[in-house]
Amino acid sequence: MSLLNEIEPLKQTALAELKAAPDPAALEQTKGAWLGANGKFTALMKQLGTLPKEEKPAAGKLINAAKIAIEAALADRRSELELAAAQPKEPTDFTLPGRHRALGKLHPLTQVTEDIVRAFRKLGFAVADGPEIEDEYHCFDALNTPADHPARDTQDTFYLAKPDGPQPSTLNPQLLLRTHTSSVQIRVMKSQPPPVRIIVPGRVYRRDNADATHNPTFQQIEGLYVDKGVTVGDLKGTVEFVFRELLGDETKIRFRPHYFSYTEPSFEIDFTNALVKKLGKDWLEIAGCGMVHPKVFENVGYDPEVWTGWAFGFGIERIAMLRYGINDIRLFYENDARFLRQF
Ligand code: DAH
């Protein structure tokens, strides 16, 4: 058989073998058997030199075309095998349930805070913010709270270690974790002229031992309203509106005389509704409030002869506990998903 006649059958065999290679290793072996240094096709090309001159062009052309076809078949089979290797070994079961990704939720305290903020926004209050690491001036002195007040006792408050140094006390103030959000009243009034209409939700800290109704950290909302001719009536109307928004239309509030050093007169706010009755109580204490003390206005540079105002502060946990029927404040801080999932 002449060389020319051998080319086509050899090519067909090579293509068939490449196509049949069951895996990449076998494919590489087949490639070597045909195109390697001692491969069958390589041998054919070597024979080209022995042909008579007039047969060379036609044979060369055929051999080249065959080589291209073989290389193409090799590349095709290689990508087929690679694709097959990338496929899952097991057949896919489309009836299996999909991967479930649980949706996160807002913490119940965040939900209650947002509701309270929404109620105050309806009355035109803006949200203000202040630092949790506070100094004695903003937390106590500017709020007319004297140095011997029990709230300032190291038994009641977390003080930060004071760096030693000769700096004047204004540059090196005694720092503490704020015991109430009232400190933000001072910061806001010092930063803007009246009128003021703000609420301040935030975290506060006290040296309480944790039990069902106490936790060393908890959340408060402070309110401050300063304008001309503000009265206790405005205060009571505002508090009543917000509590009815939060706890239902039949909610009632009452003011009891009390003492806070930054308000005069001062009151404690009690409220009642069906929930409170269910707890077997007539009233529940919920907040402190009063008319801003003239001394506080002087401390922030507002003229107490011109400006009047009220302030209040209440605990958010209390409201959340009532709303959801939770009997232990510590549950809010344990981050147990079984508890949090319910809200
Ligand atoms: N700061 C008080 C507390 O933590 C609550 C409070 C009482 C805030 C009277 C006020 C206020 O703004 O006027 O118990």
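This is a short walk through two helix pairs in the structure you have open. Keep in mind that the model is predicted.

**First stop: helices 1 and 2**

Start by selecting residues 3–20, which form helix 1, together with residues 24–35, which form helix 2. Their axes lie 9 Å apart and meet at an angle of about 165°. Angles over 145 degrees count as roughly antiparallel, so helix 1 is roughly antiparallel to helix 2. Their crossing is right-handed.

Now show the side chains where these two helices touch. On helix 1, pick Leu10, Thr13, Ala14, Glu17 and Leu18; on helix 2, pick Leu27, Thr30, Lys31 and Trp34. Colour this contact by residue type and you will find 5 nonpolar, 2 polar and 2 charged residues.

**Second stop: helix 5**

Next, select residues 108–121, the 14 residues of helix 5. Try a distance between the C-alpha atoms at its two ends: they are 20 Å apart, which agrees with the 20 Å that helix 5 should span at 1.5 Å a residue. Which residues of helix 5 are buried? They are Pro108, Leu109, Val112, Thr113, Ile116, Val117, Ala119 and Phe120.

**Third stop: helix 8 against helix 5**

Keep helix 5 selected and add helix 8, residues 232–247. This pair packs at about 135°, with axes 9 Å apart, and the two helices are therefore oblique to each other. Here, too, the crossing of helix 5 and helix 8 is right-handed.

To see the contact, show Asp115, Ile116, Ala119 and Phe120 of helix 5 with Thr238, Phe241, Val242, Glu245 and Leu246 of helix 8. This contact of helix 5 with helix 8 has 6 nonpolar residues, 1 polar and 2 charged. Two of the helix 5 residues to look at again are Ile116 and Phe120, listed above as buried.

Conventions
Residues numbered from 1 in each chain as written. Predicted model: local features only at pLDDT ≥ 70, side-chain atom pairs only at ≥ 80, totals over all residues. Heavy atoms only, no water. Axes fitted to C-alpha atoms, helices over the stretch in contact; angles between N-to-C directions. Helix = DSSP H or I, 4+ residues; strand = E, 2+ residues; numbered from the N terminus. Parallel < 35°, antiparallel > 145°, perpendicular 65-115°, else oblique. Left-handed = near helix turned anticlockwise from the far one by under 90°. Contact = heavy atoms within 4.5 Å. Nonpolar A, V, L, I, M, F, W, Y, C, P; charged D, E, K, R; others polar. Expected span 1.5 Å × (residues − 1). Buried < 20%, exposed > 50% of the residue type's maximum accessible area, 1.4 Å probe, protein only.
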